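Student: Could we look at this protein together, one question at a time?
Tutor: Gladly! Here it is.

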Amino acid sequence: MERSENIIEVKNLVKKFGDFVANDNLSFSVKKGEIFGFLGANGAGKTTAIRILCGLSFPTSGELNVAGFNAYTQREQIKRNIGYMSQKFSLYDDLTIVENIRFYAGIYGINSKIIESRTNELLKTLGFEDIRNRLIRDVPLGWKQKLAFSVAVFHKPSIVFLDEPTGGVDPVTRRQFWEMINETSQSGITIFVTTHYMDEAEYCDRVSIMVDGKIAALDTPQNLKKIYNVGDMNGVFLTLARGGK
Amino acid sequence: MPEVIVNSINKSYGALKALKDISFQVEKSEIFGIIGPDGAGKSSLFRILVSLLLPDSGTVSLSGFDVVQKYKEVRKIVGYMPGRFSLYQDLSVEENLKFYATVFGTDIQENYDLIRDIYIQIEPFKKRLAGKLSGGMKQKLALSCALIHRPQVLVLDEPTTGVDAVSRVEFWDLLHKIRNEGITIIVSTPYMDEAARCDRVALMQKGEFMGINSPSEIHKSFKKILYELIPDESAYKLLMSLRNEKWCENAWLFGQSVHLTINSTKEEDEFLLYAKTNKISVRRITAGIEDTFMELMKNS
């Protein structure tokens with residue numbers, strides 16, 4: 001694999017909090033346009049690693065390159081070139097759909113003309129033209145999640161980080177959400193996603209599984225199932241994570 | 001007599017009908033699961049069951065006690081774990097447990113055997129403030145507190161939300177042990193795979209029960225022929241291609257396969273020819289809980 005095709009390169013990443021090693025010598029790379037699943041049990045160290053990759057926290061040691069920028073010296077550039085969405089916090093309840101889009105797009109410094117045209121385009125795609133001025137608190141959860149994702153990629157970032165994006169939504173919305181993810185990855189945006197739904201791990205091009213601060217496995221879902229000789233990703237996860245503490 | 005009897009419960013918040021004519025019964029020592037997405041009305045229903053919210057109409061009884069008229073008795077026999085962590089963050093693990101035991105006029109020793117398996121895992125941290133615990137440990141402490149007075153009915157509102165797959169399996173193992181002590185459990189979850197761990201499940205959407213059945217029978221609500229298609233390459237590409245076919249009724253991604261229903265059995269030949277031409281392996285399958293849920297959603 002050519003180096004230039006990797007949008008994320010991590011080599012020997014270590015993050016310590018006092019004596020506690022949250023990330024224990026992680027090395028991996030993510031290709032441009034890939035859907036990369038980042039799995040692990042609660043407390044395995046996923047959030048710590050994601051915060052570092054997003055430029056929100058310094059690594060203790062190791063080499064990291066995210067979207068072409070250095071994770072020690074170019075954290076602001078990293079932030080500008082990524083998108084982020086989590087289930088817990090995504091949109092402002094007391095702003096309307098259009099106001100939320102404007103707010104986030106404004107933060108990324110997109111000019112108003114482009115915001116306006118792209119907003120109209122987006123509302124049309126999502127079928128939200130009639131409810132553009134509705135407050136987010138009055139929008140059903142499933143629609144909100146789709147909008148939150150669209151807002152996270154509105155500034156056309158190189159990578160979008162999705163932290164449990166589908167928690168609590170119905171099975172139809174969950175699948176529509178993954179169709180949006182697929183479509184987005186085909187436009188060249190890299191998807192870095194965490195989830196507790198093991199069937200969703202099957203939708204990823206490659207999956208890494210963290211156990212006790214280390215990457216215990218990293219491969220395509222097909223290969224992982226073959227290696228661990230199980231029928232689905234749930235089996236892979238249970239086999240690996242049970243080996244942890 | 002059933003341990004829990006729910007009769008035509010309705011609840012509205014202004015114009016929003018949160019619960020529409022909900023009725024069901026739960027037998028003693030049964031694990032009854034309520035499965036549905038956020039906003040389905042699960043928490044409103046649970047708050048009514050434990051006497052914390054008044055229904056607009058309808059009745060609920062727990063062990064023969066009406067939750068409105070006899071709420072004091074109800075509160076003695078029910079253990080409730082709300083969806084949001086609601087123990088005292090500024091008390092230690094041990095202090096929280098002691099507090100809940102005292103409120104119910106008991107002590108930790110009296111029912112220790114019931115919580116031992118759970119509590120033993122958090123006991124090493126018993127001096128730690130509850131607010132400083134990890135998610136999994138908070139959940140175990142909350143369950144211990146809900147059980148400390150040996151309730152007859154245990155009501156758990158999304159105890160596994162945001163919990164990883166391994167911890168979820170362990171949590172359900174615990175619930176089975178508690179059930180075997182003669183305790184009736186009503187539990188909600190957004191994870192459909194957990195339905196298999198319940199004795200009976202209700203599928204809930206928009207304030208309504210779409211169906212109640214045992215996990216092994218729930219697929220009977222799915223009336224159509226369901227096909228599983230496994231492509232050589234991308235399931236997403238196959239999905240997009242299928243949706244352009246006129247015989248395609250519903251197609252959804254399921255891991256690396258696509259689940260499909262067609263408009264009419266008359267079109268099966270046409271569909272099978274398509275599959276053969278495109279080298280896609282096809283087999284008929286029994287609908288799973290998610291297939292069933294999605295089908296019922298369409299009709300509700």
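Student: Among contacts in chain A between residues at least 6 apart in sequence, what percentage join residues at least 24 apart?
Tutor: Keep in mind that this is a predicted model. Take the contacts in chain A whose partners are at least 6 apart in sequence, and ask how many of them join residues at least 24 apart. That share is 68%.

Student: What radius of gyration does chain A have, and why does it agree with a compact globule?
Tutor: Start from the length, 245 residues. A compact globule with that many residues would have a radius of gyration near 18 Å, so chain A agrees with its own value of 18 Å.

Student: How much of chain A is buried?
Tutor: Its C-alpha trace spans about 50 × 40 × 35 Å along the principal axes. Of the 245 residues in chain A, the buried ones make up 45%.

Student: Why do the buried residues of α1(B) line one face of the helix?
Tutor: These residues are B:Lys42, B:Leu45, B:Phe46, B:Ile48 and B:Leu49. An α-helix has 3.6 residues a turn, so residues three or four places apart point the same way. Looking down the axis of α1(B), you find its buried residues on one face because they fall within an arc of 160°.

Student: Which helix gives the most to the largest nonpolar core?
Tutor: This core has 150 residues, and A:Val160, B:Val155, B:Ile185 and B:Val258 touch the most other members. With six residues, the element that gives the most to this core is α5(B).

Student: How many residues does each chain bring to the contact?
Tutor: Take the two sides in turn. Chain B brings 27 residues, and chain A brings 26 residues.

Conventions:
Residues numbered from 1 in each chain as written. Chains lettered and ligands numbered in written order. Predicted model: local features only at pLDDT ≥ 70, side-chain atom pairs only at ≥ 80, totals over all residues. Contact = placed C-beta atoms within 7 Å. Core = buried A, V, L, I, M, F, W, Y, C linked by C-beta atoms within 7 Å. Buried ≥ 20, exposed ≤ 12 C-beta atoms within 10 Å, placed from the backbone. Helix = DSSP H or I, 4+ residues; strand = E, 2+ residues; numbered from the N terminus. Arc of directions from axis to C-beta. Rg over C-alpha atoms; globule rule 2.2 N^0.38 Å.
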